[in-house]
There are 2 protein chains.
Amino acid sequence: MSFQFTLLARDKKNRARTGVIKTLHGEIRTPVFMPAGTKATVKTMTPEELEKIGVDIILSNIYHLHLRPGCALIKEMGGLHKFMHWNNSLIADSGGYQIFSLSPLVKVSDEGVEFKSPIDGSRHFFTPEKVIDYQLALSADIAMILDECAPYPASYSQVEKAVSRTSDWAKRSKDALKDGNQAFFGIIQGGVYQDLRMRSLEEIINLGFSGYAVGGFSVGEPHELMFEILKRIEQFLPEEKPRYLMGLGNPTSLLEAVSLGMDMFDSALPTRVARNGTVFTRYGKINIRNAAYYKDQKPLDPECSCYTCRNYTRAYLRYLYIAGEILPLRLMTWHNLYFSTWLMEEAQKAIRRGTFDEFKKNFMDGYIEGGKDNSQ
Amino acid sequence: MSFQFTLLARDKKNRARTGVIKTLHGEIRTPVFMPAGTKATVKTMTPEELEKIGVDIILSNIYHLHLRPGCALIKEMGGLHKFMHWNNSLIADSGGYQIFSLSPLVKVSDEGVEFKSPIDGSRHFFTPEKVIDYQLALSADIAMILDECAPYPASYSQVEKAVSRTSDWAKRSKDALKDGNQAFFGIIQGGVYQDLRMRSLEEIINLGFSGYAVGGFSVGEPHELMFEILKRIEQFLPEEKPRYLMGLGNPTSLLEAVSLGMDMFDSALPTRVARNGTVFTRYGKINIRNAAYYKDQKPLDPECSCYTCRNYTRAYLRYLYIAGEILPLRLMTWHNLYFSTWLMEEAQKAIRRGTFDEFKKNFMDGYIEGGKDNSQ
């Protein structure tokens, strides 16, 4: 078996669960946060650094890699693992979301989706079958099939159309699949419409995939709405398959989603905000540019044991960031990825002990959502 | 003794020498290339990575650090070593060269030099005494005194004036010095005028410093002219003191200078060109943007054993560089610093064996100065 998911424990007071995914490239404990390595690099980081942090799986993306350098080149270079020197597990998104959110001149039809490259204006046409081919070229351990991701807000009929098409495409993807070492995940759409979510869930699950992703959230809707729908549909997801909630990276949202029975998460948030000077701490976000840190000898998060917090002061990081240096982007990315990984590891422990609700409450109570600059 | 230089061997067929400098922060084998960490960071790199490469000493700069974040802040943070998390040796340049080459509105008088900050337009006035204070604040193991660096080309009388002032300032620096853990180096000026170089050398040496730097070269003059003058003045430099040729980083020039009896070198070249996509190889420079490397599975330099060359292909680095990623800047900087360090270590070995001339000739024969793109 090249892919296996085992449920290890549940917390009886909520829906939270912990398990382990096995791929040819190692084990992944869930719940897990998967850093974005969209363009065949987790921005600023080496693979060895990710390993030190404890990252077991990273996310890549067919959309970006198809546009540059091309999936064919990556195949010729021995696949994505070898190309980017990453020896642990890889998951590759299909690019459904990216096509609809990043490309100009998108034309979707039942056949597939046409779009223009934002890099050089070249035209591209993705079909479910082509995406399967691209996925085979990359050879990521887990591969997502092509879906249509409706924007937010979108009318009921627009989302209904996207749900139908996503199911059609899932069927065609399934037909195009050959036996191999990759696990394919289906994607559930349906926007913020409860009945469409249920319909999509049933249609995708009936096709049978190695895992199920909930897509089309974190596209602008209030998170409460997302959690409300998750709460209602979660019981209909098969227990023995991993559940991947796409696009979530905010620490408190992660814990909320874990408590609702989700297993896998990805987002560019921790890496992107780090490059903008923002880091997560147990007390909320801080931005290192803040003048308050001018001669602050504390680490980013005094309770954190990451490389950055063990060795550098806020004063140094602030100075470097304002001077336009590259090192602080690395060090703050390191911290945020360590923080996200730590948060999921603590969640796993709490679930095993049956204390997830307390852990979540403690964290939420300490974490000031808007940020904690100036106050510590 | 907080500073000690021991000459270990000479190559009898030329002027090349190898020795060891001891500071409170460790040993430095010479000849040595010192990477530029001008703004309290060797651009893109962590201290641990520099240690892995074998870097024993890095160069910082009073000029840059005075303007931002301020030497007083660094002192308050426990000195430069602690501020930047670097536990090996540090040398801090006085900023003489930088004031004259980077600042607008420079007014030099016998008292000192006034200049405007290119960052915020603020006015600053450096005197030899103030520079000593700034150096004490940073607490680098080796500190340079303030000099006046004439541009190239410059008239005889202009350079003569700079030589006199540099000697006056050296005298005042010497008077301002207190006993401490820092070694102060004098700087010899004189441009491309042989007699002025000799006069400066005598005046600076008569004052007595822990080591002697040759400044005011690598400012635009033909390197042959520099080597010609070095050849004539080298014999008048005291044998038992380290000789630091400022501003040299090109691999072939380094070997030429080693053969003329120079011990220490610094330059931003290896780190700067790496960020522009250029790396040193045994066959000359290559630029990773070159289309020839599109699907080149070779490492940057097939004979190199640095982290980058052991783990990454030219195809991957080229792709990442063109995609505007940060990781290739790190990886190419790593390679160039490894290359420069390796070159000096090989030079040391060759000098000990008395085979430096052959080593130098072999290297020069293989190294195509203009670059070797497309031809391998």
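**Group meeting: two chains in a predicted model**

I begin with a hairpin in chain B, in which strand 15 and strand 16 are separated by two residues. Please keep in mind throughout that this is a predicted model. Strand 15 covers residues 278-281 of chain B and strand 16 covers residues 284-287, and the two pair in the antiparallel sense over four bridges. To place one of the positions exactly, B:Phe280 has B:Lys285 in strand 16 as its bridge partner.

For comparison of topic, I turn to a sheet in chain A. Three strands make up an open sheet in the order 7-8-9, with antiparallel pairing. Its edges are strand 7 (107-108) and strand 9 (123-126) of chain A, each of which pairs on one side only. Strand 7 of chain A is joined to strand 8, residues 113-116, by two bridges in the antiparallel sense. Within that pairing, A:Lys107 is the bridge partner of A:Glu114 in strand 8. As a general reminder, strands of a sheet pair through backbone hydrogen bonds, either parallel or antiparallel.

Let me now move to the interface. How many residues of chain B are in contact with chain A? There are 38, and they meet 38 residues of chain A. The size of an interface is often given as the accessible area lost when the parts come together. For chain B and chain A, the area buried between them is about 3,500 Å², with 56% of it on carbon and sulfur atoms.

The polar side of this interface deserves some detail. Between chain B and chain A, 15 residue pairs are in polar contact, both residues being at pLDDT 80 or more. Which helices of chain B each supply at least two residues to the side that touches chain A? They are helix 1 (47-53), helix 3 (71-76), helix 4 (80-84), helix 12 (307-311), helix 13 (314-322) and helix 14 (327-353). Helix 13 of chain B gives the largest share, five residues. Sorted by class, the side of chain B that touches chain A has 21 nonpolar, six polar and 11 charged residues.

Salt bridges also cross between the chains, and their count between chain B and chain A is six. One salt bridge joins A:Arg330 to B:Glu49, with the closest N and O atoms 2.7 Å apart. These two residues belong to a wider arrangement: A:Glu49, A:Arg330, B:Glu49 and B:Arg330 are linked in a network of salt bridges.

One residue of helix 3 of chain B illustrates the contact with chain A, namely B:Leu73. Is B:Leu73 buried or exposed? B:Leu73 counts as buried because its relative accessibility is 2%, under the 20% limit. Leaving out residues up to four places away in sequence, B:Leu73 touches A:Tyr294 and A:Lys295. Within its own chain, the C-alpha atom of B:Leu73 is 9.4 Å from that of B:Phe83, 10 residues away along the chain.

I return to salt bridges, now for the structure as a whole. Over all chains, the structure holds 53 of them. In chain A, the side chains of A:Glu234 and A:Arg243 form a salt bridge at 2.7 Å, N to O, and both A:Glu234 and A:Arg243 are buried.

In chain B, B:Asp110 and B:Arg165 meet through their side chains in a salt bridge at 3.1 Å, N to O. Why does this pair tie together parts that are 55 residues apart in sequence? Because B:Asp110 lies in the loop between strand 7 (107-108) and strand 8 (113-116) of chain B, while B:Arg165 lies in helix 7 (residues 156-176). B:Asp110 is partly exposed, at a relative accessible area of 47%, whereas B:Arg165, at 9% relative accessibility, counts as buried.

A further salt bridge in chain B joins the side chains of B:Lys298 and B:Asp296, at 3.4 Å from N to O. Here B:Lys298 is partly exposed, with a relative accessible area of 33%, and B:Asp296 counts as buried at 9% relative accessibility.

I close with a loop residue. B:Gly216 sits in the loop between strand 12 (211-214) and helix 9 (223-233) of chain B. At 13% relative accessibility, B:Gly216 counts as buried. Which residues does B:Gly216 contact, its neighbours within four places in sequence left aside? They are B:Cys149, B:Gln189 and B:Arg197. The C-alpha atoms of B:Gly216 and B:Leu90 are separated by 21 Å, and the two residues are 126 residues apart along the chain.

Definitions and conventions. Residues are numbered from 1 along each chain as its sequence is written. Chains are lettered from A and ligands numbered from 1 in the order in which they are written. This is a predicted model: local features need pLDDT of at least 70, side-chain atom pairs count only at pLDDT 80 or more; totals for chains, interfaces and linings use all residues. Side-chain values use heavy atoms; hydrogens and water are left out. Two strands pair if DSSP finds at least two bridges between them. Contact means heavy atoms within 4.5 Å. Buried area is the accessible area (1.4 Å probe) that two parts lose on being put together, summed over both. A salt bridge is a side-chain nitrogen of Lys or Arg within 4 Å of a carboxyl oxygen of Asp or Glu. A polar contact is a pair of N or O atoms within 3.5 Å; within protein, one must be able to donate a hydrogen and the other to accept it, and residues adjacent in sequence count only if both atoms are side-chain atoms. Ala, Val, Leu, Ile, Met, Phe, Trp, Tyr, Cys and Pro count as nonpolar, Asp, Glu, Lys and Arg as charged, and the others, Gly among them, as polar. Buried means under 20% relative accessible area, exposed over 50%, partly exposed in between (1.4 Å probe, protein chains only).
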